[in-house]
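Let's take a walk through this protein together. Have a look at the model first, and then we'll go through its pockets and the way its helices pack.

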Amino acid sequence: MQLRRIMSSGTWVPQIDGLRFVAIVSVLLFHIAGQMAERTGHPVAIQPRYGLLTLLIGNCDRGVLLFFVISGTILARPFLRQHRLGGKRVAIGAYYLRRVTRLEPPYILCLLLCTLAFWAFGVPLRTLLPHLAASMVYLHCLIYRTMSTINFVTWSLEIEIQFYILAPLLGMIYLLGNSILRRSLLLTLILAGGAFSLYANGHEATIWHWTILGYLHYFLAGFLVADFVECQQPQPCSNAWWDVVSLLGWPIVFLLPRTVATLAWLPILVLPLYIAAFYGPVSNWFFRRPFVALGGGMCYSFYLMHMLIISVVFKGTRHLVVFNDFLLNYLVQIATLGVAIALLGTLYYVLIERPCMDPQWPQRLWRRIRRSSDAQIAA
(Lines give C-alpha, C1' and ligand atoms only; values in the text may rest on other atoms or scores of the structure.)
Protein backbone atom coordinates (compact mmCIF):
# COMPACT_ATOMS: atom_id res chain seq x y z
CA MET A 1 0.00 0.00 0.00
CA GLN A 2 2.72 2.47 0.99
CA LEU A 3 4.83 1.49 -2.02
CA ARG A 4 1.89 1.96 -4.41
CA ARG A 5 1.22 5.38 -2.87
CA ILE A 6 4.82 6.41 -3.49
CA MET A 7 5.00 5.07 -7.03
CA SER A 8 1.69 6.57 -8.12
CA SER A 9 1.95 9.94 -6.40
CA GLY A 10 2.84 13.27 -7.94
CA THR A 11 5.77 15.50 -7.20
CA TRP A 12 5.41 16.05 -3.48
CA VAL A 13 5.07 12.80 -1.58
CA PRO A 14 8.16 10.90 -2.78
CA GLN A 15 10.56 13.81 -2.32
CA ILE A 16 9.22 14.67 1.11
CA ASP A 17 9.45 11.04 2.20
CA GLY A 18 12.96 10.90 0.73
CA LEU A 19 13.98 13.92 2.80
CA ARG A 20 12.45 12.23 5.84
CA PHE A 21 14.66 9.23 5.09
CA VAL A 22 17.80 11.38 5.31
CA ALA A 23 16.57 12.90 8.58
CA ILE A 24 15.66 9.62 10.29
CA VAL A 25 18.83 7.81 9.17
CA SER A 26 20.97 10.60 10.57
CA VAL A 27 19.14 10.45 13.91
CA LEU A 28 19.58 6.67 14.08
CA LEU A 29 23.31 6.93 13.30
CA PHE A 30 23.72 9.49 16.06
CA HIS A 31 21.95 7.43 18.72
CA ILE A 32 23.67 4.17 17.77
CA ALA A 33 27.02 5.92 18.21
CA GLY A 34 25.79 7.27 21.54
CA GLN A 35 25.09 3.78 22.80
CA MET A 36 28.61 2.70 21.89
CA ALA A 37 30.07 5.66 23.74
CA GLU A 38 27.95 5.37 26.89
CA ARG A 39 26.79 1.79 27.46
CA THR A 40 29.46 -0.55 26.16
CA GLY A 41 31.00 -0.99 29.60
CA HIS A 42 34.52 -0.20 28.42
CA PRO A 43 36.14 2.63 26.44
CA VAL A 44 35.76 2.44 22.66
CA ALA A 45 38.92 3.72 21.03
CA ILE A 46 38.50 6.17 18.14
CA GLN A 47 41.52 6.17 15.86
CA PRO A 48 42.78 9.58 14.62
CA ARG A 49 42.04 8.64 11.02
CA TYR A 50 38.32 8.71 11.84
CA GLY A 51 38.30 12.30 13.04
CA LEU A 52 36.18 13.57 10.14
CA LEU A 53 33.82 10.61 10.42
CA THR A 54 33.24 11.15 14.14
CA LEU A 55 32.62 14.85 13.51
CA LEU A 56 29.95 13.92 10.99
CA ILE A 57 28.36 11.32 13.27
CA GLY A 58 28.41 13.73 16.20
CA ASN A 59 26.36 16.20 14.18
CA CYS A 60 23.82 13.67 12.95
CA ASP A 61 21.37 14.80 15.62
CA ARG A 62 20.68 17.65 13.19
CA GLY A 63 18.28 15.23 11.57
CA VAL A 64 15.75 16.42 14.14
CA LEU A 65 16.12 19.96 12.80
CA LEU A 66 15.70 18.64 9.27
CA PHE A 67 12.37 17.20 10.42
CA PHE A 68 11.28 20.67 11.54
CA VAL A 69 11.80 22.03 8.02
CA ILE A 70 9.94 19.06 6.56
CA SER A 71 6.99 19.67 8.89
CA GLY A 72 6.90 23.30 7.82
CA THR A 73 6.87 22.27 4.17
CA ILE A 74 4.07 19.73 4.62
CA LEU A 75 1.74 21.87 6.72
CA ALA A 76 2.32 24.97 4.60
CA ARG A 77 0.97 23.28 1.49
CA PRO A 78 -2.79 23.26 2.22
CA PHE A 79 -2.75 26.89 3.37
CA LEU A 80 -0.68 27.93 0.35
CA ARG A 81 -3.13 26.18 -1.95
CA GLN A 82 -6.11 27.76 -0.22
CA HIS A 83 -4.81 31.32 -0.24
CA ARG A 84 -2.81 31.43 -3.48
CA LEU A 85 -3.84 28.62 -5.82
CA GLY A 86 -7.61 28.48 -5.44
CA GLY A 87 -7.46 25.22 -3.53
CA LYS A 88 -9.90 23.75 -1.06
CA ARG A 89 -10.51 25.80 2.07
CA VAL A 90 -8.84 24.31 5.14
CA ALA A 91 -11.46 23.48 7.77
CA ILE A 92 -9.64 24.36 10.97
CA GLY A 93 -11.64 21.97 13.16
CA ALA A 94 -10.96 19.09 10.80
CA TYR A 95 -7.31 20.12 10.58
CA TYR A 96 -6.82 19.87 14.34
CA LEU A 97 -8.87 16.67 14.62
CA ARG A 98 -6.76 15.08 11.90
CA ARG A 99 -3.57 15.87 13.83
CA VAL A 100 -5.07 14.11 16.86
CA THR A 101 -6.36 11.00 15.10
CA ARG A 102 -3.25 10.62 12.96
CA LEU A 103 -0.50 11.21 15.53
CA GLU A 104 -1.81 10.58 19.03
CA PRO A 105 -2.45 6.80 19.08
CA PRO A 106 1.11 5.84 18.01
CA TYR A 107 2.55 8.49 20.31
CA ILE A 108 0.60 7.49 23.42
CA LEU A 109 1.15 3.77 22.89
CA CYS A 110 4.89 4.37 22.50
CA LEU A 111 5.00 6.26 25.81
CA LEU A 112 3.11 3.45 27.52
CA LEU A 113 5.48 0.83 26.13
CA CYS A 114 8.51 2.84 27.28
CA THR A 115 6.97 3.23 30.73
CA LEU A 116 6.36 -0.52 30.97
CA ALA A 117 9.95 -1.17 29.92
CA PHE A 118 11.33 1.12 32.64
CA TRP A 119 9.01 -0.49 35.21
CA ALA A 120 10.11 -3.97 34.11
CA PHE A 121 13.73 -2.95 34.71
CA GLY A 122 12.97 -1.77 38.23
CA VAL A 123 12.00 1.92 38.04
CA PRO A 124 9.04 2.52 40.41
CA LEU A 125 5.75 3.57 38.84
CA ARG A 126 5.44 6.46 41.30
CA THR A 127 8.57 7.86 39.73
CA LEU A 128 7.46 7.24 36.16
CA LEU A 129 3.81 8.33 36.20
CA PRO A 130 4.28 12.11 36.65
CA HIS A 131 6.73 12.16 33.75
CA LEU A 132 4.40 9.97 31.68
CA ALA A 133 1.48 12.33 32.29
CA ALA A 134 3.54 15.40 31.37
CA SER A 135 4.86 13.70 28.23
CA MET A 136 1.40 12.62 27.09
CA VAL A 137 0.21 16.23 27.00
CA TYR A 138 3.45 17.47 25.40
CA LEU A 139 4.46 19.54 28.43
CA HIS A 140 7.38 17.61 29.90
CA CYS A 141 10.04 20.01 28.64
CA LEU A 142 8.12 23.07 29.82
CA ILE A 143 7.33 21.60 33.26
CA TYR A 144 10.64 19.90 34.03
CA ARG A 145 12.92 21.97 31.76
CA THR A 146 14.51 18.78 30.48
CA MET A 147 13.82 16.06 27.94
CA SER A 148 11.25 13.42 28.78
CA THR A 149 12.59 10.69 31.05
CA ILE A 150 10.09 8.32 29.43
CA ASN A 151 11.31 8.78 25.85
CA PHE A 152 13.74 11.66 25.51
CA VAL A 153 13.38 11.97 21.72
CA THR A 154 9.83 13.26 22.18
CA TRP A 155 11.24 16.70 23.07
CA SER A 156 11.07 17.52 19.37
CA LEU A 157 7.45 16.36 19.17
CA GLU A 158 6.60 18.82 21.93
CA ILE A 159 8.03 21.55 19.69
CA GLU A 160 6.15 20.12 16.69
CA ILE A 161 2.79 20.20 18.47
CA GLN A 162 3.29 23.89 19.18
CA PHE A 163 3.88 24.40 15.47
CA TYR A 164 0.75 22.41 14.54
CA ILE A 165 -1.29 24.75 16.72
CA LEU A 166 0.22 27.87 15.17
CA ALA A 167 0.32 26.66 11.55
CA PRO A 168 -3.12 28.03 10.51
CA LEU A 169 -2.12 31.45 11.80
CA LEU A 170 1.29 31.28 10.12
CA GLY A 171 -0.41 30.15 6.92
CA MET A 172 -2.07 33.54 6.63
CA ILE A 173 1.23 34.86 5.29
CA TYR A 174 0.15 33.36 1.97
CA LEU A 175 -2.59 35.97 1.78
CA LEU A 176 0.13 38.24 0.43
CA GLY A 177 -0.34 38.07 -3.32
CA ASN A 178 3.01 39.50 -4.39
CA SER A 179 5.42 36.55 -4.43
CA ILE A 180 8.52 38.73 -4.05
CA LEU A 181 7.06 40.51 -1.03
CA ARG A 182 5.79 37.25 0.49
CA ARG A 183 9.07 35.40 0.09
CA SER A 184 11.07 38.39 1.28
CA LEU A 185 8.92 38.53 4.39
CA LEU A 186 9.44 34.81 5.02
CA LEU A 187 13.18 35.18 4.56
CA THR A 188 13.21 38.15 6.93
CA LEU A 189 11.32 36.16 9.54
CA ILE A 190 13.75 33.25 9.13
CA LEU A 191 16.69 35.58 9.71
CA ALA A 192 14.96 37.17 12.69
CA GLY A 193 14.23 33.70 14.10
CA GLY A 194 17.88 32.75 13.69
CA ALA A 195 18.93 35.87 15.55
CA PHE A 196 16.49 35.08 18.34
CA SER A 197 17.69 31.47 18.57
CA LEU A 198 21.22 32.75 19.17
CA TYR A 199 19.82 33.89 22.48
CA ALA A 200 17.31 31.09 23.13
CA ASN A 201 19.65 28.19 22.40
CA GLY A 202 22.65 29.95 23.86
CA HIS A 203 21.08 30.04 27.33
CA GLU A 204 19.82 26.55 28.12
CA ALA A 205 18.22 27.61 31.38
CA THR A 206 15.78 29.87 29.53
CA ILE A 207 12.31 28.60 28.75
CA TRP A 208 12.68 29.60 25.09
CA HIS A 209 14.97 26.62 24.60
CA TRP A 210 11.89 24.39 25.00
CA THR A 211 9.42 26.34 22.86
CA ILE A 212 8.84 26.77 19.16
CA LEU A 213 10.25 30.30 19.32
CA GLY A 214 13.72 28.82 19.55
CA TYR A 215 13.14 26.82 16.34
CA LEU A 216 10.46 28.74 14.43
CA HIS A 217 12.91 29.70 11.69
CA TYR A 218 13.23 26.02 10.73
CA PHE A 219 9.49 25.67 10.21
CA LEU A 220 9.36 28.96 8.30
CA ALA A 221 12.13 27.66 6.04
CA GLY A 222 9.71 24.86 5.20
CA PHE A 223 7.06 27.49 4.40
CA LEU A 224 9.49 29.09 1.96
CA VAL A 225 10.34 25.72 0.38
CA ALA A 226 6.62 25.08 -0.15
CA ASP A 227 6.20 28.51 -1.72
CA PHE A 228 9.02 27.95 -4.22
CA VAL A 229 8.02 24.40 -5.12
CA GLU A 230 4.24 24.59 -5.19
CA CYS A 231 4.07 27.85 -7.11
CA GLN A 232 6.36 26.45 -9.83
CA GLN A 233 3.92 23.71 -10.72
CA PRO A 234 3.15 22.33 -13.25
CA GLN A 235 6.46 23.36 -14.93
CA PRO A 236 9.29 22.42 -12.56
CA CYS A 237 12.55 24.18 -13.39
CA SER A 238 14.80 21.11 -13.42
CA ASN A 239 18.45 22.09 -13.62
CA ALA A 240 21.68 20.18 -13.04
CA TRP A 241 23.04 23.06 -10.95
CA TRP A 242 20.64 22.01 -8.20
CA ASP A 243 22.51 18.70 -8.07
CA VAL A 244 25.73 20.64 -7.47
CA VAL A 245 23.96 22.35 -4.57
CA SER A 246 23.04 18.93 -3.15
CA LEU A 247 26.51 17.48 -3.66
CA LEU A 248 28.18 20.34 -1.81
CA GLY A 249 25.48 21.24 0.68
CA TRP A 250 24.58 17.95 2.34
CA PRO A 251 28.09 17.23 3.67
CA ILE A 252 28.34 20.81 4.93
CA VAL A 253 25.10 20.39 6.93
CA PHE A 254 26.71 17.65 9.01
CA LEU A 255 30.27 18.96 9.09
CA LEU A 256 29.70 22.52 10.23
CA PRO A 257 31.11 23.11 13.73
CA ARG A 258 28.80 22.43 16.65
CA THR A 259 28.08 26.00 17.70
CA VAL A 260 25.01 28.02 18.57
CA ALA A 261 25.61 30.12 15.46
CA THR A 262 25.48 27.02 13.25
CA LEU A 263 22.10 26.01 14.65
CA ALA A 264 20.85 29.57 14.27
CA TRP A 265 21.67 29.89 10.58
CA LEU A 266 21.36 26.25 9.47
CA PRO A 267 17.89 26.80 7.89
CA ILE A 268 19.50 29.15 5.36
CA LEU A 269 21.64 26.23 4.17
CA VAL A 270 18.87 23.62 4.35
CA LEU A 271 16.49 25.77 2.29
CA PRO A 272 18.28 25.36 -1.09
CA LEU A 273 19.00 21.70 -0.35
CA TYR A 274 15.30 20.95 -0.01
CA ILE A 275 14.51 22.83 -3.20
CA ALA A 276 17.26 20.87 -4.92
CA ALA A 277 15.49 17.63 -3.95
CA PHE A 278 12.70 18.70 -6.28
CA TYR A 279 14.59 20.40 -9.11
CA GLY A 280 17.96 18.63 -9.36
CA PRO A 281 17.63 15.76 -11.88
CA VAL A 282 19.86 13.37 -9.91
CA SER A 283 18.63 14.61 -6.53
CA ASN A 284 15.04 14.19 -7.69
CA TRP A 285 15.83 10.68 -8.90
CA PHE A 286 17.44 9.71 -5.58
CA PHE A 287 14.72 11.04 -3.30
CA ARG A 288 12.03 9.37 -5.42
CA ARG A 289 13.58 5.90 -5.17
CA PRO A 290 10.94 3.56 -3.68
CA PHE A 291 13.27 2.23 -0.97
CA VAL A 292 14.29 5.72 0.13
CA ALA A 293 10.77 7.12 0.04
CA LEU A 294 9.31 4.03 1.69
CA GLY A 295 11.74 4.23 4.60
CA GLY A 296 11.02 7.92 5.00
CA GLY A 297 7.29 7.28 4.93
CA MET A 298 7.65 5.13 8.06
CA CYS A 299 9.91 7.60 9.88
CA TYR A 300 7.36 8.52 12.56
CA SER A 301 7.23 4.93 13.80
CA PHE A 302 11.01 4.61 13.58
CA TYR A 303 11.49 7.87 15.45
CA LEU A 304 9.06 6.98 18.23
CA MET A 305 10.34 3.47 18.81
CA HIS A 306 14.04 3.52 17.95
CA MET A 307 15.41 4.41 21.39
CA LEU A 308 13.33 1.74 23.11
CA ILE A 309 14.52 -0.80 20.55
CA ILE A 310 18.15 0.32 20.77
CA SER A 311 18.13 0.34 24.57
CA VAL A 312 16.84 -3.21 24.80
CA VAL A 313 18.72 -4.80 21.90
CA PHE A 314 22.03 -3.13 22.80
CA LYS A 315 22.09 -5.11 26.04
CA GLY A 316 23.08 -7.99 23.79
CA THR A 317 24.88 -6.31 20.90
CA ARG A 318 27.23 -4.38 23.20
CA HIS A 319 29.17 -7.63 23.58
CA LEU A 320 30.01 -7.36 19.87
CA VAL A 321 32.13 -4.25 20.48
CA VAL A 322 35.36 -6.24 20.56
CA PHE A 323 37.41 -4.96 17.63
CA ASN A 324 40.32 -2.54 17.79
CA ASP A 325 38.86 -0.44 15.00
CA PHE A 326 36.13 2.16 15.65
CA LEU A 327 34.60 1.96 12.18
CA LEU A 328 34.35 -1.83 12.28
CA ASN A 329 32.66 -1.74 15.69
CA TYR A 330 30.30 0.97 14.49
CA LEU A 331 29.35 -0.92 11.33
CA VAL A 332 28.58 -4.05 13.36
CA GLN A 333 26.24 -2.04 15.59
CA ILE A 334 24.59 -0.38 12.59
CA ALA A 335 24.02 -3.78 11.03
CA THR A 336 22.57 -5.42 14.14
CA LEU A 337 20.67 -2.52 15.68
CA GLY A 338 19.62 -1.27 12.25
CA VAL A 339 17.99 -4.58 11.41
CA ALA A 340 16.14 -4.60 14.74
CA ILE A 341 14.90 -1.03 14.22
CA ALA A 342 13.86 -1.76 10.64
CA LEU A 343 11.94 -4.91 11.55
CA LEU A 344 10.28 -3.74 14.77
CA GLY A 345 9.73 -0.19 13.50
CA THR A 346 8.07 -1.52 10.36
CA LEU A 347 5.89 -3.80 12.48
CA TYR A 348 4.84 -0.82 14.60
CA TYR A 349 4.08 1.15 11.46
CA VAL A 350 1.97 -1.60 9.92
CA LEU A 351 0.02 -2.47 13.08
CA ILE A 352 -0.30 0.93 14.75
CA GLU A 353 0.59 3.93 12.62
CA ARG A 354 -0.73 2.97 9.19
CA PRO A 355 -4.30 2.26 10.39
CA CYS A 356 -4.30 5.77 11.92
CA MET A 357 -3.49 7.25 8.52
CA ASP A 358 -7.09 6.52 7.50
CA PRO A 359 -9.02 9.70 8.36
CA GLN A 360 -12.15 7.62 8.97
CA TRP A 361 -10.65 5.16 11.43
CA PRO A 362 -12.40 6.59 14.55
CA GLN A 363 -15.81 6.33 12.87
CA ARG A 364 -15.10 2.82 11.66
CA LEU A 365 -13.92 1.75 15.09
CA TRP A 366 -17.03 3.24 16.68
CA ARG A 367 -19.32 1.43 14.20
CA ARG A 368 -17.52 -1.83 14.93
CA ILE A 369 -17.97 -1.32 18.68
CA ARG A 370 -21.64 -0.51 18.16
CA ARG A 371 -22.20 -3.61 16.07
CA SER A 372 -20.46 -5.77 18.64
CA SER A 373 -22.50 -4.21 21.43
CA ASP A 374 -25.78 -4.67 19.53
CA ALA A 375 -24.89 -8.29 18.83
CA GLN A 376 -24.27 -8.96 22.52
CA ILE A 377 -27.53 -7.31 23.45
CA ALA A 378 -29.40 -9.35 20.86
CA ALA A 379 -27.78 -12.52 22.15
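Helices here are DSSP runs (H or I, at least four residues), numbered from the N terminus. This is a predicted model, so local features need pLDDT of at least 70 and side-chain atom pairs count only at pLDDT 80 or more, while totals for chains, interfaces and linings use all residues. Residues are numbered from 1 along each chain as its sequence is written, and side-chain values use heavy atoms, with hydrogens and water left out.

Let's start with the empty space. A pocket, on a 1 Å grid over the protein atoms alone, is an open set of points where a 1.4 Å probe fits, with protein on both sides within 12 Å along at least five of seven lines; its lining residues have an atom within 4 Å of a point. Grid points are joined across faces, edges and corners, and the volume is the space filled by probe spheres set on the points.

How much space lies in the largest pocket? About 1,400 Å³. Its lining counts 42 residues, and the closest to the centre are Arg-20, Ile-74, Leu-75, Arg-99 and Arg-102. Several helices chip in with at least two lining residues each, among them helix 1 (2-8), helix 2 (12-39), helix 5 (92-120) and helix 15 (299-317). Helix 4 (63-84) is on that list too, and with 10 residues helix 4 gives the most to this lining. To sort residues by class, Ala, Val, Leu, Ile, Met, Phe, Trp, Tyr, Cys and Pro count as nonpolar, Asp, Glu, Lys and Arg as charged, and the others, Gly among them, as polar. On that basis the lining of the largest pocket holds 24 nonpolar, six polar and 12 charged residues.

The second largest pocket has about 590 Å³ of space. Around it sit 21 lining residues, with Asp-61, Met-147, Trp-155, Arg-258 and Leu-263 nearest its centre. Helix 2, helix 4 and helix 12 (260-279) each supply at least two of them, and helix 2 has the largest share, with three. By class, this lining splits into 13 nonpolar, four polar and four charged residues.

Now for the packing. Axes are lines fitted to C-alpha atoms over the stretch in contact, and angles run from 0 to 180 degrees between N-to-C directions. Contact means heavy atoms within 4.5 Å.

Find helix 9 (residues 179-200) and helix 10: they pack at about 160°, with their axes 8 Å apart. Helix 9 and helix 10 are therefore roughly antiparallel, a label for angles over 145 degrees (under 35 is roughly parallel, 65 to 115 roughly perpendicular, and the rest oblique). Their crossing is left-handed, meaning the near helix is turned anticlockwise from the far one by less than a right angle; clockwise would be right-handed. The contact of helix 9 with helix 10 has eight nonpolar, four polar and three charged residues.

Helix 10 (residues 216-230) also packs against helix 8, at about 50° and with axes 11 Å apart. That angle makes helix 8 oblique to helix 10, and this crossing is right-handed. Here Ile-159, Glu-160, Phe-163, Ala-167 and Leu-170 of helix 8 meet Leu-216, Phe-219 and Phe-223 of helix 10. Seven of the residues in this contact are nonpolar, none polar and one charged.

Which way does helix 5 run relative to helix 16? The two pack at about 150°, axes 8 Å apart, which makes helix 5 roughly antiparallel to helix 16. Residues in the contact include Arg-102 and Leu-109 of helix 5 and Tyr-348 and Glu-353 of helix 16.

One last stop is Asn-284, in helix 13 (residues 281-287). Asn-284 and Gly-18 are 266 residues apart in sequence, and their C-alpha atoms are 9.3 Å apart in space. Leaving out residues up to four places away in sequence, Asn-284 touches Gln-15, Ala-276, Ala-277 and Phe-278.
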